[in-house]
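Subject: Structure handover

Hello,

Please find the structure below. Have a look at it first, then read my notes underneath.

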Amino acid sequence: MPAYPSTCDIYRPFDDATPTETGIECRLVPDLVNGQRSLGLTWTHYIEVPSDTDVRDACTRSRDTSSITYADGDEIRIGTTRYATVWVEPHDRDGVMAFRRVYLLRHEVTWPEV
């Protein structure tokens, strides 16, 4: 099982006041360069979470087109930083090291009052 150094909360729908799931183990990775270079999708970070995590994206592609339509998938919060879920990708589905990679687009940072 991979090591997860952090935790996140999942909000469904995006911007909901109450989290759907809390304390989900995750590993946050900045990935702006690859997210800007991709064809069709854009992301700033990704997280890796256990394979049984219920996290949902909302990108779709209509029939007979290669255009991606963005909608707000789940909101992921790590600390005070908010992210929109762009894409969810399972890895090693039936293996011992199974996990989900969740591509994220940073939404905003809420700074604590001083």
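The protein chain has one helix and eight strands. Please keep in mind that this is a predicted model. Starting at the N terminus, the order of elements is β-β-α-β-β-β-β-β-β. The chain has 114 residues, and 37% of them are buried. Take the contacts with a separation of 6 or more: 51% of them are between residues 24 or more positions apart.

**Strand pairing**

Start with β1, residues 6-11. Strand β2 covers residues 21-30. These two strands run antiparallel, joined by four bridges. Within this pair, Cys8 sits opposite Ile24 of β2.

β1 also pairs with β6, residues 75-78. That pairing is antiparallel too, with three bridges. Here Tyr11 faces Glu75 in β6.

**The cysteines**

How many disulfides does the structure hold? The count is zero. Look at Cys8 and Cys26 to see why. The closest cysteine sulfur to that of Cys8 belongs to Cys26, and the gap is 4.1 Å. A disulfide needs the two sulfur atoms within 2.5 Å, so 4.1 Å is too far for a bond. The view from Cys26 agrees: Cys26 is in no disulfide, and its nearest cysteine sulfur is that of Cys8, 4.1 Å away.

Are these two cysteines buried or exposed? Cys8 is buried, at 1% relative accessible area. Cys26 is buried as well, at 0%.

**The nonpolar cores**

Cys8 comes up again here. The largest nonpolar core has 13 residues. Which of them touch the most other members? They are Cys8, Ile47, Ile76, Ile78 and Val102. Six strands each give two or more residues to this core: β1, β2, β3 (45-50), β6, β7 (81-91) and β8 (99-109).

Ile47 is a good residue to click on. Set aside its neighbours within four places in sequence. Ile47 then contacts both Cys8 and Cys26. Its other contacts are Arg27, Leu28, Ile76, Ile78, Arg100, Arg101, Val102 and Leu104.

A separate core lies apart from the largest one. This other core has seven residues, including Leu41, Trp43, Tyr46 and Cys59.

**Salt bridges**

Side chains of opposite charge can pair when their charged atoms come close. The salt bridge count for this model is nine. Here are three of them.

- Arg12 and Asp74 meet with 2.8 Å from N to O. This pair links distant parts of the chain, 62 residues apart. Arg12 is in the loop between β1 and β2, while Asp74 is in the loop between β5 (68-69) and β6. Arg12 is partly exposed at 22% relative accessibility, whereas Asp74 is buried at 3%.
- Glu48 and Arg101 have their closest N and O atoms 2.5 Å apart. Glu48 is in strand β3 and Arg101 is in strand β8, so this salt bridge ties together parts 53 residues apart in sequence. Both partners are buried: Glu48 has a relative accessible area of 8%, and Arg101 has 17%.
- Arg56 and Asp54 have their closest N and O atoms 3.0 Å apart. Arg56 is partly exposed at 42% relative accessibility. Asp54 is also partly exposed, at 35%.

Which residues are linked in a network of salt bridges? Arg12, Asp54, Arg56 and Asp74 are. Find these four in the viewer and trace the links between them.

**The helix**

Last stop: helix α1, residues 32-37. Asn34 is located in this helix. Asn34 is partly exposed, with 38% relative accessible area. Its side chain makes a polar contact of 2.9 Å with the side chain of Asp31. Asn34 and His45 are 11 residues apart in sequence. In space, their C-alpha atoms are 9.2 Å apart.

**Where to look again**

If you have time for one residue, choose Cys8. Cys8 lies opposite Ile24 in β2. Cys8 is buried. Its sulfur is 4.1 Å from that of Cys26, too far for a bond. Cys8 is also among the residues that touch the most other members of the largest core.

Best wishes

Note on methods: Residues numbered from 1 in each chain as written. Predicted model: local features only at pLDDT ≥ 70, side-chain atom pairs only at ≥ 80, totals over all residues. Heavy atoms only, no water. Buried < 20%, exposed > 50% of the residue type's maximum accessible area, 1.4 Å probe, protein only. Pairing = 2+ DSSP bridges. Core = buried A, V, L, I, M, F, W, Y, C linked by side-chain atoms within 4.5 Å. Contact = heavy atoms within 4.5 Å. Polar contact = N/O pair within 3.5 Å; in protein donor to acceptor, adjacent residues only side chain to side chain. Salt bridge = Lys/Arg side-chain N within 4 Å of Asp/Glu carboxyl O.
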